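Let's take a walk through a protein model together, from single residues to the packing that surrounds them. Have the viewer open and ready to rotate.

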Amino acid sequence: MAAFDRIARAPREAVIPALMKSGEELARHQKMLAETSRDTGALIDSIEVTAPGQHTPPFSQPGGSRVAGETEVLVTVGNEDVRYAHLVEYGTANAEAQPFFWPALRLLRKRLQNRINRAAKKAVKDSWNAK
């Protein structure tokens, strides 16, 4: 029964570093893609990774300000000064779309998910074999 108790707790704790690494990698790729739409650099600088339990910046996309869950890492773009990220991503009647946010996620989704899955599986295995 002790092994089952360890297994219940271990993956939650073990995936946090994998989540943070994945969030940082995603943000890095989004910043590289946003470089093509560089004007002042404010958009690129507004791409942030929010750790579990932390608040996202106000006015960030997608979804605005919120608190990341205990096993959730959020990558957002925008802040009080940069409130136009969606206009760059999707375009306007006068400006062509310059997508950077969702293409990076689509490109890396499988890689990031595999990293998190490996961390969780390793945690379960290590917890089961612990004495």
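Is Thr-50 buried or exposed? Thr-50 is buried, because its relative accessible area is 3%, and the cut-off for buried is under 20%. Keep in mind as we go that this is a predicted model. Thr-50 sits in strand E1. Setting aside residues up to four places away in sequence, Thr-50 touches His-55, Thr-56, Pro-57, Ala-68, Glu-72, Val-73 and Leu-74.

Strand E1 covers 48–50 and strand E2 covers 74–76, and the loop between them holds Phe-59. This residue is worth a stop for its backbone. Most residues other than glycine have a negative phi. Phe-59 is not a glycine, yet its phi is positive, at about 70°. The side chain of Phe-59 has company too: Arg-83 lies over the face of the ring, 3.6 Å from its centre. With 41% relative accessibility, Phe-59 counts as partly exposed.

Now step back to the loop between H2 and E1, which is the place of Ile-47. Ile-47 has a relative accessible area of 3%, so this residue is buried. Which residues does Ile-47 touch, not counting those up to four places away in sequence? They are Ala-27, Gln-30, Lys-31, Val-75, Thr-76, Val-77 and Phe-100. You can also pick Ile-47 and Leu-74 in the viewer: they are 27 residues apart in sequence, and their C-alpha atoms are 10 Å apart in space.

Two of the partners of Ile-47 deserve a look of their own. One of them, Gln-30, is found in helix H1. Is Gln-30 buried or exposed? Gln-30 is buried, since its relative accessible area is 0%. Beyond residues up to four places away in sequence, Gln-30 touches Ile-47, Val-75, Phe-100, Phe-101 and Ala-104. The other partner is Val-77, which touches Leu-43, Ser-46, Ile-47, Ser-60, Gln-61, Ala-85, Phe-100 and Phe-101, again not counting residues up to four places away in sequence.

Several of these names return when we turn to nonpolar packing. The largest nonpolar core has 17 residues, and those with the most contacts inside it are Leu-26, Leu-43, Ile-47, Val-77 and Phe-100. Which helices each supply at least two residues of this core? They are H1 (2–34), H2 (42–45), H3 (85–90) and H4 (101–129). The largest share, five residues, comes from H4. There is also a second, separate core of six residues, and among its members are Leu-19, Val-73, Ile-116 and Ala-119.

Helix H4 invites a closer inspection. It has 29 residues and reaches 41 Å from its first C-alpha to its last, close to the 42 Å expected at 1.5 Å a residue. Where is the kink in H4 centred? It is centred on Leu-108, with an angle of about 55°. Leu-108 is one of the buried residues of H4, which also include Phe-101, Ala-104, Leu-105, Leu-112, Arg-115 and Ile-116.

Next come the rings. The structure holds two aromatic pairs. In one, the ring centres of Phe-100 and Phe-101 are 6.5 Å apart and the planes stand at 90°, so the pair is edge-to-face. Phe-100 and Phe-101 are both buried. The rings of Phe-101 and Trp-102 have their centres 4.9 Å apart and their planes at 80°, so this pair is edge-to-face as well. Ring pairs thus link Phe-100, Phe-101 and Trp-102 into a cluster. As for accessibility, Phe-101 counts as buried because its value is 7%, while Trp-102 is partly exposed at 29%.

Let's finish at helix H2, where Ala-42 lies. Ala-42 counts as partly exposed, because its relative accessibility is 28%. Which residues is Ala-42 in contact with, leaving aside its neighbours within four places in sequence? The contacts are Val-82 and Tyr-84. Ala-42 and Val-82 are 40 residues apart in sequence, yet they lie 6.7 Å apart in space, C-alpha to C-alpha.

Key. Residues numbered from 1 in each chain as written. Heavy atoms only, no water. Core = buried A, V, L, I, M, F, W, Y, C linked by side-chain atoms within 4.5 Å. Buried < 20%, exposed > 50% of the residue type's maximum accessible area, 1.4 Å probe, protein only. Helix = DSSP H or I, 4+ residues; strand = E, 2+ residues; numbered from the N terminus. Contact = heavy atoms within 4.5 Å. Expected span 1.5 Å × (residues − 1). Bend = angle between axes of the 7 residues up to and from the residue. Phe/Tyr/Trp six-rings, centres within 6.5 Å; stacked < 30°, edge-to-face > 60°. Lys NZ or Arg CZ within 6 Å of the ring centre and 35° of its normal.
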